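Let us look at the empty spaces inside a protein model and ask, step by step, how each one is recognised.

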Amino acid sequence: MEERSWFVRMRMAIMVAMVVSMRGASGEEGLVLNYYKESCPRAEEIVKEKVQELYNKHGNTAVSWLRNLFHDCMVKSCDASLLLDSVGSVSSEKGSARSFGMRNFKYVNTIKDALEKECPKTVSCADIVALSAREGALMLGGPNVPMKTGRRDSRESEVDVVEQHIPNHNDSIPFVLSRFQSIGINTEGTVALLGAHSVGRVHCKNLVGRLYPEIDPSLDPNYAIYLKGRCPSPNPDPRSVAYARNDRVTPMILDNEYYKNVLAHKGLLLVDQQLISHPETAPFVEKMASDNEYFHGRFSTALLVLSENNPLTGDQGEVRVDCRLVNKDG
């Protein structure tokens with residue numbers, strides 16, 4: 001009996017050691033499926049209900065949820081630092097040039113308010129960003145992403161480093177690839193995530209460089225005429241409602257029409273069009289253009305990797321009561 005007891009104790013010790021070793025230094029042990037199953041059983045259902053409700057009233061919110069995840073998770077951590085307002089010593093990431101055109105932040109708190117009524121001080125804003133992105137992708141006809149939860153919220157803005165982490169719309173493909181690779185997303189995943197450009201719209205401010213003073217020769221001539229009609233001035237007012245749809249065929253469906261457009265020289269942004277001129281990315285563009293299921297599969301995988309970039313978990317950070325503000329008692 002004593003020998004058997006010794007083996008049981010040793011086995012338990014080994015199992016504990018394995019769990020600790022798997023956790024690592026980044027705190028990723030807190031990210032699991034259905035993290036709130038005991039502390040707030042209806043959390044994910046509430047997020048889903050609110051995303052659907054908001055989509056029915058404001059269809060463009062679905063696009064905003066995806067962009068929120070990208071802009072939050074690319075900058076050091078998936079920690080909802082993006083959502084902080086400029087208050088006191090905090091300078092908001094929303095004021096960064098990379099955040100130009102982002103909107104619908106107020107609806108994050110619509111979801112948060114519903115969760116606070118159900119389970120006060122329990123569901124983090126960072127998890128709201130992740131879960132709303134999952135539901136937003138589904139609302140747009142995209143794949144179901146098995147999003148894990150358990151993130152905590154940052155107490156700091158990362159506005160000073162936003163532009164170091166988020167590539168710009170006119171950056172080179174090697175630079176864009178390097179930014180994604182720095183958080184564990186390979187070339188195939190990067191091409192898939194850029195497929196999010198199949199939905200939403202782009203302000204003329206980010207387009208006129210391809211139209212004036214001369215038209216970018218990589219643009220389809222007829223498409224260039226359309227874009228100049230949407231953006232008739234080389235100096236558009238950033239506050240004006242001057243936009244072009246990312247995809248004119250299926251503008252609110254997350255599908256592979258984006259890649260077909262790129263192959264037809266109808267990529268809206270310079271980074272889009274460059275995908276077919278770079279040897280590392282061109283084969284993936286062609287494959288995704290021909291197979292929507294393949295695109296959805298790679299998009300799901302890449303979005304999951306993005307959503308798990310260096311999260312705060314356990315005792316790190318906090319769970320904000322208001323996603324716009326650091327907790328007063330924090």
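Q: Which helix gives the most to the lining of the largest cavity?
A: Helix H10, residues 257-263, gives the most, with three residues; a helix here is a DSSP run of H or I with at least four residues, numbered from the N terminus. This is a predicted model, in which local features need pLDDT of at least 70 and side-chain atom pairs count only at 80 or more, while totals for chains, interfaces and linings use all residues. Residues are numbered from 1 along each chain as its sequence is written, and side-chain values use heavy atoms, without hydrogens and water.

Q: What makes a space a cavity?
A: On a 1 Å grid over the protein atoms alone, a cavity is a set of points where a 1.4 Å probe fits but cannot get out, and lining residues have an atom within 4 Å of a point. The search of the whole structure finds two cavities of 30 Å³ or more, and the largest has a volume of about 40 Å³, a volume being the space filled by probe spheres set on the points, which are joined across faces, edges and corners.

Q: Why are two residues in the lining of the largest cavity called charged?
A: Asp, Glu, Lys and Arg count as charged, and the lining includes Lys266 and Asp272, so these two are the charged residues beside three nonpolar and four polar ones.

Q: How confident is the predictor, on average, in the chain?
A: The chain averages a pLDDT of 91, where pLDDT is the predictor's confidence in each residue, from 0 to 100.

Technical notes: On a 1 Å grid over the protein atoms alone, a cavity is a set of points where a 1.4 Å probe fits but cannot get out, and a pocket is an open set with protein on both sides within 12 Å along at least five of seven lines; lining residues have an atom within 4 Å of a point. Helices (H or I, at least four residues) and strands (E, at least two) are DSSP runs, numbered from the N terminus.
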